[in-house]
Amino acid sequence: MKGKKVLFLDRDGVIVIEDQIDSYERIIYIPHVFEALRRIRRESDFSLVMVSNQDGVGTPAFPYKDYLKCQDRILSTLRGEDIWFDDINVDFSLPEDNCPTRKPGTGMLEEYKGDEYDMASSFMVGDRLTDMMLAKAMGCRGILLNGEVEVPPELADTVALQCASWLDILSFLIPDATNMAHRTAHLERRTNETDISIDLDLDGSGMGEIISGIGFFDHMLSQIVRHSRFDMNGSVKGDAEVDEHHSVEDLAITLGSAILEALGEKRGIERYGYEVLTMDDVVATVALDFSGRPDFIYDVNFKREYIGTFPTEMVRHFFKSFSDSARMNIYISVTDGNSHHQAEAVFKAFARALRKAVRRIPGSNEISSTKGVL
Ligand SMILES: [Mg+2]
């Protein structure tokens with residue numbers, strides 16, 4: 001088993017500005033340090049370890065009580081932002097003391113050299129070259145939060161990142177969901193009855209359209225695109241002049257398959273989605289689960305047989321086919337009322353539930369099932 005990863009953190013110049021911090025007035029935080037450390041704490045598996053030199057604490061020039069009240073204030077402020085340290089190491093010596101515990105000496109960090117820790121995957125964040133020297137001595141890599149200093153050749157392999165902002169460190173350590181690759185699929189399905197092609201991007205912004213040539217159905221498909229915020233483009237060439245049945249069914253099958261393909265292993269997604277949505281006189285409820293096990297419950301009663309030229313029975317058929325091809329559990333109900341409103345509320349609620357179910361959980365790579373497969 002691999003050891004624990006550690007993020008060693010200098011204090012002055014990294015968490016608070018570089019200074020002799022012996023009064024509250026001198027505690028000034030580095031921009032974005034709260035945001036960055038909170039996300040690192042929540043979304044990564046780094047242990048956070050403070051490593052700081054506080055020159056001459058305990059001497060008349062820097063009384064211990066003044067150091068301590070400021071250190072306590074810094075730690076309690078961070079704690080209030082959900083940021084805490086697994087370990088804190090502070091050296092009080094002066095440069096001329098040549099103490100092995102003083103950075104870049106590793107005297108305070110001997111325990112991290114053992115097998116319990118994975119130094120090759122660990123980092124030291126500091127604002128000075130001595131911090132980078134410490135990183136090298138520990139066998140980890142360095143993040144130099146200082147755009148001004150020049151990195152000497154002997155430290156070039158150690159410094160993994162040199163930057164001037166915590167936001168750069170954040171995106172280096174935790175690639176943001178918005179930077180992640182889009183989940184896309186392109187599917188074509190040809191039968192004797194229909195010819196369908198779909199381009200799908202689950203991480204889109206609700207752009208594009210699918211044209212089936214069936215008026216009311218196209219209106220419903222555009223609701224799916226807008227409210228799911230998937231980008232979708234597609235065309236359906238079918239024998240709609242014979243019956244809408246084949247076009248509706250085959251499009252549902254293709255769309256469901258495309259979503260399933262775009263989701264891949266379904267890692268890091270919410271898996272479940274739901275929406276309760278009202279539209280004028282009706283309320284639609286949709287709950288769904290990308291469980292890998294198709295099931296379908298449909299509690300909808302239309303008073304009319306047609307909406308425009310679209311048979312209301314096709315609404316059920318669309319979602320049933322979708323459930324089968326996307327291998328998902330879909331529950332749909334809507335109160336009685338105007339048939340157009342009922343159908344539209346169901347399609348909108350379905351799209352919004354889809355959006356929630358495929359949403360990526362920041363920092364998660366887990367398959368949301370105790371079985372380990374969906
Ligand atoms: Mg420093």
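Is Thr-101 buried or partly exposed, judging by its C-beta neighbours inside 10 Å? Keep that puzzle in mind as we visit a few close-up views of this predicted model.

**View 1. Thr-101 sits in the loop between β3 (87–91) and β4.**
Here is the solution to our opening puzzle: Thr-101 has 17 C-beta neighbours inside 10 Å, so this residue counts as partly exposed. Look around Thr-101 and you will find that it touches Asp-91, Ser-93, Gly-107 and Met-108, leaving aside residues up to four places away in sequence. You can also trace back to Asn-89: Thr-101 and Asn-89 are 12 residues apart in sequence, and their C-alpha atoms are 9.2 Å apart in space.

**View 2. Two backbone details appear in the loop between β3 and β4, at Asn-98 and at Pro-104.**
Start with the peptide bond from Lys-103 to Pro-104, which is cis, with omega near 5°. Then move to Asn-98, which is not a glycine but has a positive phi of about 50°. How many C-beta neighbours does Asn-98 have inside 10 Å? There are 9, and Asn-98 therefore counts as exposed.

**View 3. Asp-280 lies in the loop between β11 (272–279) and β12 (282–289).**
Check the backbone of Asp-280 and you will meet a positive phi, near 50°, in a residue other than glycine. Asp-280 is exposed, because 12 other C-beta atoms lie within 10 Å and a residue with 12 or fewer counts as exposed.

**View 4. Ser-44 is in the loop between α1 and β2 (46–53).**
With 14 other C-beta atoms within 10 Å, Ser-44 is partly exposed. Now look for Lys-5, which is 39 residues from Ser-44 along the chain. The C-alpha atoms of Ser-44 and Lys-5 are separated by 9.5 Å.

**View 5. Helix α4 (residues 166–173) has buried residues, and these are Trp-166, Ile-169, Leu-170 and Leu-173.**
Where around the axis do these residues point? They cover an arc of only 100°, which puts them on the same side of α4. A rule of thumb helps here: an α-helix has 3.6 residues a turn, so residues three or four places apart point the same way. The buried residues of α4 pack against α1 (33–43) and against three strands, β4 (123–126), β5 (141–145) and β6 (159–163).

**View 6. Helices α1 and α4 pack with their axes 9 Å apart.**
The angle between α1 and α4 is about 15°, and the two helices are therefore roughly parallel to each other. Their crossing is left-handed. On the α1 side, the contact is made by Val-33, Ala-36, Arg-39 and Ile-40. Facing them from α4 are Trp-166, Leu-167, Ile-169, Leu-170 and Leu-173. Sorted by class, the contact of α1 with α4 has 8 nonpolar residues, no polar ones and 1 charged.

**View 7. The axes of helix α5 (residues 215–228) and helix α8 (residues 339–358) come within 8 Å.**
These two axes cross at roughly 30°. Angles under 35 degrees count as roughly parallel, and α5 and α8 are therefore roughly parallel to each other. α5 passes α8 in a right-handed crossing. From α5, the contact uses Met-220, Gln-223, Ile-224, His-227 and Ser-228. From α8 come Ala-343, Glu-344, Phe-347, Lys-348, Ala-351, Arg-352, Leu-354 and Arg-355. What classes of residue make up the contact of α5 with α8? The residues divide into 6 nonpolar, 3 polar and 4 charged.

**View 8. Helix α6 (residues 245–263) meets helix α7 (residues 313–325).**
The axes of α6 and α7 come within 8 Å and cross at roughly 30°, and the crossing is right-handed. To find the contact, pick out Val-248, Glu-249, Ala-252, Ile-253, Leu-255, Gly-256 and Ser-257 in α6. These residues meet Met-314, His-317, Phe-318, Ser-321, Phe-322 and Ser-325 in α7. By class, the contact of α6 with α7 divides into 7 nonpolar, 5 polar and 1 charged.

How values were computed:
Residues are numbered from 1 along each chain as its sequence is written. This is a predicted model: local features need pLDDT of at least 70, side-chain atom pairs count only at pLDDT 80 or more; totals for chains, interfaces and linings use all residues. Axes are lines fitted to C-alpha atoms, for helices over the stretch in contact, and angles run from 0 to 180 degrees between N-to-C directions. Helices (H or I, at least four residues) and strands (E, at least two) are DSSP runs, numbered from the N terminus. A crossing is left-handed if the near helix is turned anticlockwise from the far one by less than a right angle, and right-handed if clockwise. Two residues are in contact if their C-beta atoms, placed from the backbone, lie within 7 Å. Ala, Val, Leu, Ile, Met, Phe, Trp, Tyr, Cys and Pro count as nonpolar, Asp, Glu, Lys and Arg as charged, and the others, Gly among them, as polar. Angles under 35 degrees count as roughly parallel, over 145 as roughly antiparallel, 65 to 115 as roughly perpendicular and the rest as oblique. A residue is buried if 20 or more other C-beta atoms lie within 10 Å of its own, exposed if 12 or fewer, and partly exposed in between; C-beta atoms are placed from the backbone. The arc is that of the directions from the helix axis to the C-beta atoms.
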